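I wanted to go through the empty spaces in this protein, then the ligand, then one residue. These are my notes in the order I took them.

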Amino acid sequence: MSNDTNTPPGSDNTTSFGFRAVRESERQGLVNAVFSSVASRYDLMNDLMSGGLHRLWKTEFVSMIGAPRGDRPFRLLDVAGGTGDIAIRYAESSGPNATAVLSDISPQMLEEGRTKVAAKGLGERIRLTQGNAEALPFPDGTFDAYTIAFGIRNVTHIDVALKEAYRVLKIGGRFLCLEFSECQVPILDRLYDFHSFEVIPRLGQIAAGSADPYRYLVESIRRFPNQEKFAGMIREAGFERVSVRNLTGGIAAIHSGWKI
Ligand code: SAM
């Protein structure tokens, strides 16, 4: 399934880019333009837009990876890892032989990530590499865990990315996805809509000089499948024991699945 349509990659039908219909072949370029333009303000804007909440969600998410605190080797692949929040939290909370590959399609986001990883002295444990979630440059069965945080929504063919996640995991490996989802608490959903459509684009204009990337952000969240539908897509990719944990009333959700 592509982001909104049911067509195979290569057919170049239309798909959604936020609320706009675009050709599948142009969508990734538009996404890349968003992230190259926001990269230098990405971390600041996350704090401003979420009031710091994304930090709590990410800490909760990383605690589910189950990385060893002792000496046991463990390999994480963090896809769409951007400026490194997940890989850094993981490396800081695990033992010395727990390593990560942070992969992202955007050179600008990777550059921000590289600077942060170096500043934390984690260069030996976190390797950064450019790559597309739809065609991961790793052999089958390489990783103990695969994470993707606020990334899969941006991928054009989500089903292809999920199959790639399955392929690169070892048997017994865990898939974890942190993503915005469907707010399931009445009243909170109204407040959230107001914040999304009225506050966030204005914050983008004031703090980052442009509202457009932040309009894409809120629109793409509304286009993304809800908890149940996304869990079904994860199962379709081959994962078992698929579960969902809502965060903040479902504004975000953590989906988990196992390659058994
Ligand atoms: N995971 C980080 C975090 O939680 O802060 C960054 C998330 S950011 C919202 C989305 C990231 O997805 C961007 O860094 C973007 O470059 C990346 N991305 C978009 N499309 C991608 C693709 N097809 N393959 C890999 N990364 C992609």
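My entries below cover the cavity, the ligand, the two biggest pockets and T147.

**Entry 1: ground rules.** I reminded myself that this is a predicted model. My starting idea was simple: a water-sized probe rolled over the atoms shows where empty space is left.

**Entry 2: the cavity.** I asked how many cavities of 30 Å³ or more there are. The count came to one. I put its volume down as about 370 Å³. The lining of this cavity takes in 27 residues, and A80, G81, G82, D104 and G151 come closest to the centre. I then checked which elements give at least two residues each to that lining, and found α1, β3 (74-79) and α4 (85-92). The largest share is from α1, with four residues. By class I noted 12 nonpolar, 11 polar and four charged residues around the cavity.

**Entry 3: the ligand.** Next I looked at what sits around the ligand. I found 19 residues surrounding it, with Y42, A80, D104, A133 and A149 the closest. A80 and D104 I had already written down among the residues closest to the cavity centre.

Then I went after the polar atoms, one residue at a time.
- Y42 has a polar side-chain atom 2.9 Å from a ligand oxygen.
- D104 places a side-chain N or O atom 2.6 Å from an oxygen of the ligand.
- I105 uses its backbone instead: an N or O atom there is 3.4 Å from a ligand nitrogen.

**Entry 4: the largest pocket.** I moved on to the open spaces. The largest pocket holds about 460 Å³. Its lining has 27 residues, and I marked N46, M49, F180, I200 and L217 as the closest to its centre. Which elements supply at least two lining residues each? I listed α1 (24-38), α2 (42-50), α3 (53-63), α7 (188-208) and α8 (212-223). The largest share, six residues, is from α8. Sorting the lining by class gave me 19 nonpolar, six polar and two charged residues.

**Entry 5: the second largest pocket.** This one has a volume of about 260 Å³. I counted 14 lining residues, and those nearest the centre are V34, D212, P213, Y214 and Y216. Two elements, α1 and α8, give two or more residues to this lining. Here too α8 has the largest share, again six residues. The class split I wrote down is seven nonpolar, two polar and five charged.

**Entry 6: T147.** I finished with a single residue and asked: is T147 buried or exposed? T147 sits in strand β6 (residues 143-149). I call T147 buried because its relative accessible area is 0%, and the cut-off for buried is under 20%. I also looked for a partner for its side chain, and found a polar contact between the side chains of T147 and D78 at 2.8 Å.

Leaving out residues up to four places away in sequence, I listed what T147 touches: F61, I65, L76, L77, D78, V79, I86 and L176. D78 is thus on my list twice, once as a polar partner and once as a contact.

**Entry 7: recap.** For the bench copy I kept three items. The cavity takes up about 370 Å³, the ligand has 19 residues around it, and T147 is buried.

How values were computed
Residues numbered from 1 in each chain as written. Predicted model: local features only at pLDDT ≥ 70, side-chain atom pairs only at ≥ 80, totals over all residues. Heavy atoms only, no water. 1 Å grid on protein atoms, 1.4 Å probe; cavity = no way out; pocket = protein on both sides within 12 Å on 5 of 7 lines; lining within 4 Å. Points joined across faces, edges and corners; volume = space filled by probe spheres on them. Nonpolar A, V, L, I, M, F, W, Y, C, P; charged D, E, K, R; others polar. Buried < 20%, exposed > 50% of the residue type's maximum accessible area, 1.4 Å probe, protein only. Polar contact = N/O pair within 3.5 Å; in protein donor to acceptor, adjacent residues only side chain to side chain. Contact = heavy atoms within 4.5 Å. Near = heavy atom within 4 Å.
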